[in-house]
Amino acid sequence: MAWLDGALDIGAVRQAWRGVCLSHDVLRRAYVSPDEACTYDDVLGEVEFYTADSDMEALETVRTVTTPFDLAGVGLSRLAIVQRDERRHLLAIVLDHIIVDEKTWKRFMADFGVFYERATRGASVPDKVEKNAYHDFTLLERRELSAAWGAQRRAFWRSQTERFGTFPPPFPITFESEGESRLTVVTHALPADTKARVSDIARRARATSFVTVASAVLSGLQQVSGAPTVGATTPYHGRVLPGTSDIAGLFVQMVPLHLAAGSRSPLETVREVFSHTLDVFEYILPLRSAGRLWNEELVSTDRAAGVNVVLDKRTVDLGESLLPGTTAEIVYLYVPGEVTWPRTIQFRWELDGTDPQAVVSYNENYFPSDIVESLIQAADKFLLSADN
């Protein structure tokens with residue numbers, strides 16, 4: 001969501017967004033069952049337009065278009081404009097979480113800007129479907145999964161299942177729900193030089209900053225639980241087949257990261273997690289659909305409680321201007337319907353800003369707060385200890 005200052009052509013916005021939807025079949029897909037989808041030839045929603053007398057009223061108006069998506073419904077995207085005056089508008093783009101990996105977002109926004117600029121000049125904007133890229137991808141995927149490419153990945157994930165169990169990695173301590181889910185968000189301030197410390201550990205371990213913070217969480221899980229082997233998940237774009245790098249949408253794969261038992265230093269821990277991360281990213285694929293095709297038990301039938309970790313994933317990059325002729329100012333606004341997992345601790349490290357922090361979201365009526373706090377402290381110590 002962003003404030004756009006400058007002259008905005010509403011008609012051009014409508015044309016541009018229609019062009020984006022016609023160019024990417026994921027924006028025209030609807031689900032008739034958990035396993036069956038259909039793709040329409042026309043767009044599944046129009047740009048909504050509102051007016052408001054104040055910025056606060058505009059923000060409240062946007063909440064009306066940010067209701068949760070339902071795969072049993074139609075459409076995975078919504079777009080709304082709230083006009084404050086002729087040169088100030090609030091633009092809200094809402095996408096279902098299953099299609100909002102960073103690569104997809106950048107592709108959508110790049111096309112949106114190009115099509116808008118064309119529309120303002122009266123030039124052509126896509127007005128019909130030229131191809132169904134995602135449909136072509138699914139055919140390619142099934143073919144490859146049944147061939148040598150798939151055989152290599154089947155062997156890898158079978159070995160992972162034998163060693164660590166089915167996906168996703170379970171939380172190593174068993175809890176019982178105490179009632180309705182109650183989302184709790186803990187914002188844990190970090191020292192101003194945290195990013196430099198993380199970068200230094202990553203450099204000395206010859207790993208990445210993400211693996212470093214993931215290692216901190218995994219190490220913390222071992223300390224808090226006493227379990228010999230622990231795991232967490234992280235999102236990954238999952239475009240792994242040749243010729244699929246430019247396809248948008250439905251590529252948000254969750255991949256497991258594990259840490260096995262053993263006495264080691266923080267640097268050795270990061271190296272071990274990094275080595276495993278390289279393997280799972282190399283062999284990543286949709287584990288549920290692949291398991292069905294191969295008749296392999298790769299995914300747990302009952303999603304286990306667990307931990308998910310990301311690094312600086314709240315950043316939305318619109319550049320200097322999303323739409324030519326305007327300047328964009330990002331607005332962060334929590335709305336009902338944001339994705340939550342009642343039995344998953346969401347661990348988000350935000351290190352790029354001037355005030356580094358760890359933001360931890362969890363269901364307080366499932367995960368005891370003292371356990372979560374112990375996990376946060378153990379992860380912090382891993383990153384910030386002078387012994388590193």
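**View 1. Strands β7 and β13 pair in the antiparallel sense over 7 bridges.** Here, two strands count as paired if DSSP finds at least two bridges between them. This is a predicted model, where local features need pLDDT of at least 70 and side-chain atom pairs count only at pLDDT 80 or more, while totals for chains, interfaces and linings use all residues. Residues are numbered from 1 along each chain as its sequence is written, and side-chain values use heavy atoms, with hydrogens and water left out. Helices (H or I, at least four residues) and strands (E, at least two) are DSSP runs, numbered from the N terminus. To find your way along the β7 pairing, look for Val 186, whose bridge partner in β13 is Val 360. β13 also pairs with β12, again antiparallel, through 5 bridges. There, Gln 346 has Ser 361 of β13 as its bridge partner. A hairpin of 6 residues makes the link from β12 to β13. β13 is mostly covered, with 6 of its 7 residues buried; buried means under 20% relative accessible area, exposed over 50%, and partly exposed in between (1.4 Å probe, protein chains only).

**View 2. Helix α10 and what covers it.** α10 takes in residues 369-384, 16 in number, and reaches 22 Å from its first C-alpha to its last, close to the 22 Å expected at 1.5 Å a residue. That expected span is 1.5 Å times one less than the number of residues. Its buried residues are Val 372, Leu 375, Ile 376, Ala 378, Ala 379, Asp 380, Phe 382 and Leu 383. The cover over them includes strands β7 (183-189), β12 (344-350) and β13 (357-363), along with helices α6 (194-205), α7 and α8 (266-282).

**View 3. Ser 215, a buried residue of the α7 helix.** Helix α7 spans residues 209-225, and Ser 215 sits within this run. Ser 215 counts as buried because its relative accessibility is 0%. Set aside its neighbours within four places in sequence, and Ser 215 is in contact (heavy atoms within 4.5 Å) with Thr 269, Val 270, Val 273 and Phe 382. You've met Phe 382 already: it is one of the buried residues of α10.

**View 4. Helix α3, from its start to the glycine just after it.** Count 19 residues in α3 (residues 102-120) at 1.5 Å each and you'd expect 27 Å; the end C-alpha atoms are 27 Å apart, so the two agree. At the start of the helix, a side-chain oxygen of Asp 101 comes to within 3.1 Å of the backbone nitrogen of Lys 103. Buried along α3 are Thr 104, Trp 105, Phe 108, Met 109, Asp 111, Phe 112, Gly 113, Phe 115, Tyr 116 and Ala 119. These pack against α1 (10-23), β5 (77-85) and β6 (88-95). Just past the helix, Gly 122 takes a positive phi of about 80 degrees.

**View 5. An open sheet of 5 strands.** The order is β4-β5-β6-β1-β11, with mixed pairing. β4 (48-51) and β11 (326-330) are the edge strands, each with a single partner, so one side of each has no neighbour in the sheet. On average, neighbouring strands are turned by 25 degrees against each other, direction ignored. β1 (residues 2-6) pairs with β11 in the antiparallel sense over 5 bridges, and Leu 4 has Ala 328 of β11 as its bridge partner. Helix α1 lies across β4, β5 and β6, running at about 170 degrees to β5. Axes are lines fitted to C-alpha atoms, for helices over the stretch in contact, and angles run from 0 to 180 degrees between N-to-C directions.

**View 6. The nonpolar cores.** A nonpolar core is a set of buried Ala, Val, Leu, Ile, Met, Phe, Trp, Tyr and Cys residues joined through side-chain atoms within 4.5 Å. The largest has 95 residues, and Phe 112, Phe 347 and Trp 349 have the most contacts inside it. A second, separate core of 11 residues includes Leu 59, Val 62, Leu 90 and Ala 92.

**View 7. Backbone oddities in three loops.** Most residues other than glycine have a negative phi, and most peptide bonds are trans. Phe 167 and Pro 168 are joined by a cis peptide bond, with omega about 0 degrees; Pro 168 is in the loop between α5 (148-164) and β7. Arg 206, in the loop between α6 and α7, has a positive phi near 55 degrees. Asn 295 also has a positive phi, near 60 degrees, and belongs to the loop between α9 (287-294) and β10 (306-311). Arg 206 counts as exposed at 74% relative accessibility, and Asn 295 is exposed with a relative accessible area of 72%.

How values were computed:
A polar contact is a pair of N or O atoms within 3.5 Å; within protein, one must be able to donate a hydrogen and the other to accept it, and residues adjacent in sequence count only if both atoms are side-chain atoms.
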